[in-house]
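Work through the exercises below with the sequence and the 3D structure at hand. Each task is followed by a solution in steps.

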Amino acid sequence: MSVKLYHFPISGPSRGALLAARAVEAPVEVEIINLFQKEQLKESFLKINPQHCIPTLDDDGFILWESRAIAGYLVDKYGKDDHLYPKDLKKRALVNQRLYFDSSSLYVKIRAICFPILFLGETEIKKPLKDDLNVTLGFLDQFLKDSKWVAGDQPTIADTSIYASVSSILAVGWDISGFPSIVRWVGQCSSLPGAAENDEGAKAFGDAVKKNLH
Ligand SMILES: N[C@@H](CCC(=O)N[C@@H](CS)C(=O)NCC(=O)O)C(=O)O
């Protein structure tokens with residue numbers, strides 16, 4: 001039985017899924033799909049995921065994409081306990097809320113800034129986009145003000161997902177000094193298994209963005 005994660009280290013969502021896999025010690029074999037070389041559009045990958053996005057998981061023929069769905073699946077399958085994705089109704093609901101916050105707000109705002117710089121010839125970060133991301137970082141700072149981790153007193157897949165997003169924008173050089181609770185939490189996140197591997201990918205992402213900035 002093999003569990004394969006199709007991955008590209010530069011991608012935040014992909015790093016989020018891998019951080020969850022590392023946190024739960026899932027026996028994933030990583031296969032790189034180089035998005036810069038458009039490998040996701042190869043016939044062989046389209047057969048696996050017609051939506052051609054990474055991360056994509058292949059668990060012995062069971063195919064799953066969407067990084068946060070992959071994270072939840074891996075923890076439910078491999079977790080020795082449920083602290084990374086609690087089974088308790090309300091605790092899980094809070095983790096889900098933070099995951100949706102990332103997928104529908106935080107990550108979207110980071111992508112709105114970085115995708116045009118990476119792929120569409122944009123050379124600056126426009127003020128409305130900058131302000132919009134800072135408003136969203138303010139919400140994250142509020143979540144963390146009274147909570148050690150993003151969704152409670154233990155790290156969960158909300159932390160692995162959101163750390164993948166935040167580390168991307170930090171690698172671009174974002175100033176988070178106005179968000180003291182995020183600064184504190186980022187320091188804690190270096191203790192997450194796979195954090196160094198994540199940060200290496202985030203650095204490559206940040207370098208690629210900064211190269212195109214004036
Ligand atoms: N919501 C998805 C986003 C996945 C996504 O957009 N992946 C991008 C890289 S960051 C991708 O694979 N792009 C290539 C493509 O769509 O062709 C997730 O969290 O997994």
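**Exercise 1.** Locate L192 in this predicted model, decide whether L192 is buried or exposed, and list its contacts beyond its neighbours within four places in sequence.

*Solution.*
- Step 1: L192 lies in the loop between α7 (180-189) and α8.
- Step 2: The relative accessible area of L192 is 8%. Buried means under 20%, so L192 is buried.
- Step 3: Leaving aside neighbours within four places in sequence, L192 touches W149, P155, T160 and Y163.
- Step 4: A further pair to check is L192 and D159: they are 33 residues apart along the chain, and their C-alpha atoms are separated by 9.1 Å.

**Exercise 2.** Do the same for K210: find the element that holds K210, then classify its accessibility.

*Solution.*
- Step 1: K210 is in helix α8.
- Step 2: With a relative accessible area of 40%, K210 falls between the limits of 20% and 50%, so K210 is partly exposed.
- Step 3: Apart from its neighbours within four places in sequence, K210 is in contact with A171 and V172.
- Step 4: Between K210 and C114 there are 9.5 Å from C-alpha to C-alpha, although the two are 96 residues apart in sequence.

**Exercise 3.** How are the axes of helix α1 and helix α8 arranged, and which residues meet between the two helices?

*Solution.*
- Step 1: Helix α1 spans residues 12-23 and helix α8 spans residues 195-211. Their axes come within 10 Å and cross at roughly 170°.
- Step 2: An angle over 145 degrees counts as roughly antiparallel, so α1 is roughly antiparallel to α8.
- Step 3: On the α1 side the residues are R15, L18, L19 and R22; on the α8 side they are A195, E197, N198, G201, A202 and F205.
- Step 4: Sorted by kind, the residues of this contact are 5 nonpolar, 2 polar and 3 charged.

**Exercise 4.** Examine the backbone at E25, H52 and P55. What is the sign of phi at E25, and is the peptide bond from I54 to P55 cis or trans?

*Solution.*
- Step 1: E25 is not a glycine, yet its phi is positive, about 55°. E25 sits in the loop between α1 and β2 (28-32).
- Step 2: The relative accessibility of E25 is 61%, so E25 counts as exposed.
- Step 3: H52, also a residue other than glycine, has a positive phi near 40°. The loop between α2 and β3 holds H52, which is partly exposed at 33% relative accessible area.
- Step 4: The peptide bond from I54 to P55 is cis, with omega near 5°. P55 is placed in the loop between α2 (43-48) and β3 (56-59).

**Exercise 5.** Describe the whole protein: how many helices and strands does it have, and how does its radius of gyration compare with the globule rule?

*Solution.*
- Step 1: There are 8 helices and 4 strands. Read from the N terminus, the order is β-α-β-α-β-β-α-α-α-α-α-α.
- Step 2: The radius of gyration is 17 Å, close to the 17 Å that the globule rule gives for 214 residues, so the protein is as compact as a globular protein of that length.
- Step 3: Along the principal axes, the C-alpha atoms fill a box of roughly 50 × 45 × 25 Å.
- Step 4: Of the 214 residues, 49% count as buried. The accessible surface is about 10,500 Å², and 56% of this surface belongs to carbon and sulfur atoms.
- Step 5: Take the contacts between residues at least 6 apart in sequence: 68% of them join residues at least 24 apart.

Conventions:
Residues are numbered from 1 along each chain as its sequence is written. This is a predicted model: local features need pLDDT of at least 70, side-chain atom pairs count only at pLDDT 80 or more; totals for chains, interfaces and linings use all residues. Side-chain values use heavy atoms; hydrogens and water are left out. Axes are lines fitted to C-alpha atoms, for helices over the stretch in contact, and angles run from 0 to 180 degrees between N-to-C directions. Angles under 35 degrees count as roughly parallel, over 145 as roughly antiparallel, 65 to 115 as roughly perpendicular and the rest as oblique. Contact means heavy atoms within 4.5 Å. Ala, Val, Leu, Ile, Met, Phe, Trp, Tyr, Cys and Pro count as nonpolar, Asp, Glu, Lys and Arg as charged, and the others, Gly among them, as polar. The radius of gyration is taken over C-alpha atoms; the globule rule is 2.2 Å times the number of residues to the power 0.38. Buried means under 20% relative accessible area, exposed over 50%, partly exposed in between (1.4 Å probe, protein chains only). Accessible areas come from the Shrake-Rupley method with a 1.4 Å probe; for residues, only the protein chains shown count as cover.
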